[in-house]
Structures are given as C-alpha cells and as structure tokens.
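Take a look at the model below. The report that follows walks through its metal site, some neighbouring residues and a sheet.

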Amino acid sequence: MTTVVIRGGRVLRPDMTVDRADVLVDGETGTIRAVGDVPAGDEVLDATEGLVMPGLVNAHTHAAMTLLRGYADDKPLDRWLREDIWPTEAALEPADVRAGTDLAMAEMIRSGTTAFGDMYFYMNEVAEAVEAAGLKARIAHGIVTVGKDASAAQDDLEEGLYIAKSHDGTADGRVRTAFAPHSLTTVSEEQLAAFVPKARAAGVPLHFHANETRDEVDPIVAERDERPLAYADSLDMLSQGDFLAHGVHLDETEMGLLADRGTSVVHCPASNMKLASGMAPVQRLLDAGVGVALGTDGAASNNDLDVFDEMRDAAMIGKLAAGDPAAVAAETVVRMATEGGNRALGFDGGRIEEGAAADVVVVDFDAPRMTPVHDYVSHLAYAATGSDVRHTLVDGRVLLRDRKLTTLDLDAVRERAASRAADLVDRAG
Ligand SMILES: [Zn+2]
C-alpha cells in the first residue's frame, strides 16, 4: 500500500481558502503527490462532508503525564509540582512511561495531531513508542538538577545529552531530538554554561520552560538584575530552531530578542489558565515577528491533549489579553497549530500542497455543532473538537482510518495505562 487517495472532500489550502479537491499521498516518499483531479491510488479514504487539512502539532507536552491526568488539580504551579507531581514522578519506571506515552499518542492520533514536542524521562521508551505508533516527535530528556547532589546532577545532564545524540533522525527521520533543561531555575548557571555548548556541538536545538509564572520570573530578576531571557541569551540558549514553552510574562525587550534570534514560543493556553499562570501576550509576540506554536502541556495540567481545544483557548485568551476581539483571529490560531508547530519543531509539514510532507487529517463537518458552514476556518478554530477527526495520516501512512487506530490497540493501551497509573500512585505512596 504505497499511495492513498483522499476523495470527495474539500481542502484547506496554504492561503486558508477552501475548495473541493482530492488529495493523493505517497507512503513511499511520505509526501503529497497531487491536489485537485488526482489519479487512482492503491487505497481510497472517503472525505465526503469533510475537510482535508494539515495535521495539528502539539509542540509542548509531557506525553506520559497522561498517567497523572486528574491526579491532582486546582493548585498553584509550585505547590502542585512539589507536593504532587515530582514525588509521583520520582517513582516512575520505564514501563510507566511507555504506557503513558502510548495512551497519549492514541489520544493525539484520534484528535488529529501528527507531530508533538515531548520533554520527559525514560526517553528511550518514548523513541521506541513513537517509532511503533507512526507519529512524528521531537523528544528530549527533561533535566532537573536542583536539589540533586553533584554526581546525580551530572548524570541527569549527561542523560539529556545522550538522548539528544542517540535518537536524532531515527524512525526514518520521524524522531528528532532536543536538549532540554527543564527551566532556567531548575538547572544552575554553571551547568547550563557547561552543557549548552555540548548541545550546540551535537547540532540539536534547545527546548525549555521559560517565563511561565511571576513566581519564576521575579527571583531571576531580583537575583541577577536582568530579565530571564536576557540571562538565557547570555548562555546562548536562544537560537534559530530553539523553542521555549509558555512565555507568559515577557517584556518588550524579551519579545524583540526572541524575534531577532528566531526562537519559537509554544503557547499553552489551557495549562496557563488552569494553573492561573497568566495570559501570554500572543498578539504582541506575533506582531513582533516571533514564531508561535501551540501546546497542551502535560495532561495533568490541561487535562486533555486535544489541539482543537487549544486553538479555541488561544483565540479566546489572546483576545482577552489584548483587550481586542480582533486579536488572535481564527486563521491565526489555525496557522499556529499547523505551520507554526512544524516550524517550532523543525518538521516539514503544515501545508496541503504538492511536495509537502503528507501529514494530513480529515475533519468531519457533519455534526450539529458544525452546521451550517459559513466559514470552514471559523469552525476549525471555534467549533470543532478532536472527536470530529475521521482520518489521520503521517508521512502518507494511515494511522487513523474512519476513527479507528491502525497502529495502536486502543483497548490494550487503555487497560495498560490504567493499571500502570494505579501501580505508580501506590508506589509513590
Ligand atoms: Zn511543560
């Protein structure tokens, strides 16, 4: 099965117009071969009453945190991490991470996500899981050295570098890597100064949390008398290809720095609202020329991995933050979830056109919630949910056909995740 024709639907073009067209994708080359009147393929996917659009990108998550979905809610970030999340994560075993990542990928494929940016632990398991499920991911071991002795800290930094070096470009290029100090406050200046050059030498980008809450920004400013991103820049942590999560509390100089350096921001609106972190200045970032992508963050602070939800949240909170209903418009959030995400993660998806990567989803427009259709892009941003996704393809390979997963056994995945989650909580006491 090398070619697939997606027939009978409408197509979202790169200029955000929609017209009736079929799409031929090539599973051998992983690209879109033709859009319009296309020749027959080896397999046909029905797209009647559907819209063919680029796959969505979840550019910042901690996939295996699905195991902690609903475990602890309604607390401030710092207390939530210290009292609930970190103690439980300390009891994680590799098989937990595999089970949680498989569950996350089942959810993501079913809701139209074709690539994700992951930062977590036991990333050898994650690389294997991504390879088997058929998704694309830029993965990184999340490094936290605060509170560790010198030797444990060194091991953690080395693990981050080892993961970045050993998996980049595997799974036919579907798995890429990053070097990921968890944040500017959880890894020391000396450690960053020693290891960022090693990541640069390995040719992998940086992925880290930054400027998420005031409680994180204020101590850096008080201690160093400079903004967090000026500090990051002094350590060579802002370059083309790097991406940081959140960017909620940024001043004008920091936005200018991000634009100058070509570093993307992954906006995580649901997580920012749930943890009351604040409202990221998304329209101002876009106006400054910063690349903005969307992320769900981990399932424990969201609590789902549905990028359609994230588009709607981004549009809503973006307007509120700007005090302007014209800010962060429908077309803008659709671009953030597609082109913006691919740019942040360094993948060549995000466009339905000949020669582009065949990361494609078909969204049903026949639900009552989606009727009538005055404007397809409006529905993608404001009305659709992940459950409207009918087909998902990555590199031309069908991962979801008529709402049924082809590479993951959903019942087995759910059962294993539920049982590992129960064991994990027991072990953590
Ligand atoms: Zn995060």
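The text starts at the metal, moves to the residues around it and ends with a sheet.

**The zinc site**

This is a predicted model. Its zinc ion is coordinated by three histidines and an aspartate: H60, H62 and H209 through NE2, and D297 through OD. The distances run from 2.1 to 2.2 Å. The angles among the four donor atoms span 87 to 168°, and the site is irregular. Tetrahedral geometry would require all angles to lie between 85 and 135 degrees, so the upper value of 168° rules it out.

Along the sequence, the donors follow the spacing H-x1-H-x146-H-x87-D. H62 and D297 are 235 residues apart, and the pair links distant parts of the chain. H62 sits in the loop between β8 (56-61) and α1 (77-89). D297 sits in the loop between β16 (292-294) and α11 (307-322). Both H62 and D297 are buried.

**Residues around the site**

H207 belongs to strand β13, residues 207-210. Its side chain makes a polar contact of 2.8 Å with that of H60, which is one of the zinc donors. Beyond its sequence neighbours within four places, H207 is in contact with residues including A59, D118, F179 and F243.

UniProt, in an unreviewed entry, annotates E89, H182, E212 and D297 as "binding site". E89 is found in helix α1. E212 lies in the loop between β13 and α6 (214-224). Leaving out residues up to four places away, E89 touches M65, L68, Y120 and F121. On the same terms, E212 touches D297, and also H246, H249 and S277, among others.

How buried are H207, E89 and E212? The table gives their relative accessible areas.

| Residue | Relative accessible area | State |
|---|---|---|
| H207 | 0% | buried |
| E89 | 11% | buried |
| E212 | 6% | buried |

**The annotated domain and the sheet**

The unreviewed UniProt entry places "domain: Amidohydrolase-related" at residues 51-398. This span is 44% helix and 17% strand. Its end C-alpha atoms lie 16 Å apart.

Seven strands form an open sheet in the order β3-β2-β7-β17-β18-β19-β20, with mixed pairing. Which strands stand at the edges? They are β3 (18-20) and β20 (404-405). Each has a single partner strand, so one side of each is left without a neighbour in the sheet. Strands β17 (residues 360-364) and β18 (residues 389-394) pair in the antiparallel sense over four bridges. Within this sheet, V363 stands opposite V389 in β18.

Methods:
Residues numbered from 1 in each chain as written. Predicted model: local features only at pLDDT ≥ 70, side-chain atom pairs only at ≥ 80, totals over all residues. Heavy atoms only, no water. Donors = N, O, S within 2.8 Å, 3.2 Å for Na, K, Ca; no water. Tetrahedral: all angles 85-135°; square planar, octahedral: opposite > 155°, others 65-115°. Helix = DSSP H or I, 4+ residues; strand = E, 2+ residues; numbered from the N terminus. Buried < 20%, exposed > 50% of the residue type's maximum accessible area, 1.4 Å probe, protein only. UniProt positions renumbered as here; feature names shortened; annotations may be inferred. Pairing = 2+ DSSP bridges. Polar contact = N/O pair within 3.5 Å; in protein donor to acceptor, adjacent residues only side chain to side chain. Contact = heavy atoms within 4.5 Å.
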